[in-house]
Amino acid sequence: MPPALLSRPGPLTPEEFALVKQHVSHGVDLIRQIPDLHRAIVEGVAQHHEREDGSGYPAGLRAEGISLFGRMAGIVDTFVAMTNPRPYEATISAYEALRKISDLGGRLFYAPMVEQFVQTVGAFPVGSRVELSTGEIAIVLRQSTVRRLK
């Protein structure tokens, strides 16, 4: 992808977005050169922008048409994108990213996998310092098994 396009702030034109979407096929072409790479990994890379409701790309796959690795890669890619600097979008906290992804579970992402991801990553790991809504500082002593984002 042209570096100037990837580092440019602001929304992309439809033509620019079509060019950016080609990163999926370029990535697949690159990793296919790795000897003995498991087919599931190639599927994950190929499907990391597919979404449960069919709104993703490049193939517009939906639900069960997306492989296990594609579903996982989509959640992880979204989390990483939200929590790292991008010229066109403000970085958000891990908590906020998990909350947004959680809200998209069942529509864009496979809901049971989103729950597993939230459990695995953990918004507030035990021992973390957090600021409460009251402004007080606290240390996390345990996780809620029911409300993972609280």
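In the predicted model, Glu-52 is placed in the loop that runs between α4 (39–46) and α5 (68–83). Its relative accessibility is 12%, and because this falls under the 20% limit, Glu-52 counts as buried. The side chain of Glu-52 makes a polar contact with the side chain of Arg-71, at 2.8 Å. When residues up to four places away in sequence are set aside, Glu-52 touches Arg-62, Ala-63, Ile-66 and Arg-71, together with the run formed by Arg-107, Leu-108, Phe-109 and Tyr-110.

Several of these neighbours reappear around an internal void. A search of the whole structure returns one cavity of 30 Å³ or more, and the volume of the largest cavity is about 50 Å³. The lining of the largest cavity includes Glu-50, Arg-51 and Glu-52, to which Ile-66, Gly-70 and Arg-71 are added, and it is completed by Leu-108, Phe-109 and Tyr-110. Sorted by class, this lining holds four nonpolar residues, one polar residue and four charged residues. Glu-52 and Arg-71, whose side chains are joined by the polar contact at 2.8 Å, are thus both among the residues that line the cavity.

Phe-109, another of the lining residues, belongs to the loop between α6 and α7 (111–121). With a relative accessibility of 4%, Phe-109 counts as buried, since the value is under 20%. Not counting residues up to four places away in sequence, the contacts of Phe-109 comprise Arg-51, Glu-52, Gly-74, Ile-75, Thr-78, Ile-101, Leu-104 and Val-114. Two of these, Arg-51 and Glu-52, also appear in the cavity lining. As a reference distance across the model, Phe-109 and His-26 are separated by 83 residues in sequence and by 24 Å in space, taken from C-alpha to C-alpha.

Charged side chains were examined next. Side chains of opposite charge can pair when their charged atoms come close. Under the rule applied here, the count comes to six salt bridges. One of them joins Glu-16 to Arg-8, with the closest N and O atoms 2.4 Å apart; Arg-8 is partly exposed, as its relative accessible area is 28%.

A further salt bridge is formed between the side chains of Arg-39 and Glu-43, with an N to O distance of 3.0 Å. Because Arg-39 and Glu-43 are four residues apart in helix α4, about one helical turn separates them. The two partners fall into separate accessibility classes: Arg-39 counts as exposed at 61% relative accessibility, whereas Glu-43, with a relative accessible area of 25%, is partly exposed.

In helix α6 (residues 94–104), Arg-99 and Glu-96 lie three residues apart, about one turn of the helix, and they form a salt bridge in which the closest N and O atoms are 2.3 Å apart. Both residues count as partly exposed, Arg-99 at 29% relative accessibility and Glu-96 at 21%. The pairing of Arg-99 with Glu-96 is also part of a wider arrangement, in which Glu-96, Arg-99 and Asp-103 are linked in a network of salt bridges.

Key:
Residues numbered from 1 in each chain as written. Predicted model: local features only at pLDDT ≥ 70, side-chain atom pairs only at ≥ 80, totals over all residues. Heavy atoms only, no water. 1 Å grid on protein atoms, 1.4 Å probe; cavity = no way out; pocket = protein on both sides within 12 Å on 5 of 7 lines; lining within 4 Å. Points joined across faces, edges and corners; volume = space filled by probe spheres on them. Nonpolar A, V, L, I, M, F, W, Y, C, P; charged D, E, K, R; others polar. Helix = DSSP H or I, 4+ residues; strand = E, 2+ residues; numbered from the N terminus. Buried < 20%, exposed > 50% of the residue type's maximum accessible area, 1.4 Å probe, protein only. Polar contact = N/O pair within 3.5 Å; in protein donor to acceptor, adjacent residues only side chain to side chain. Contact = heavy atoms within 4.5 Å. Salt bridge = Lys/Arg side-chain N within 4 Å of Asp/Glu carboxyl O.
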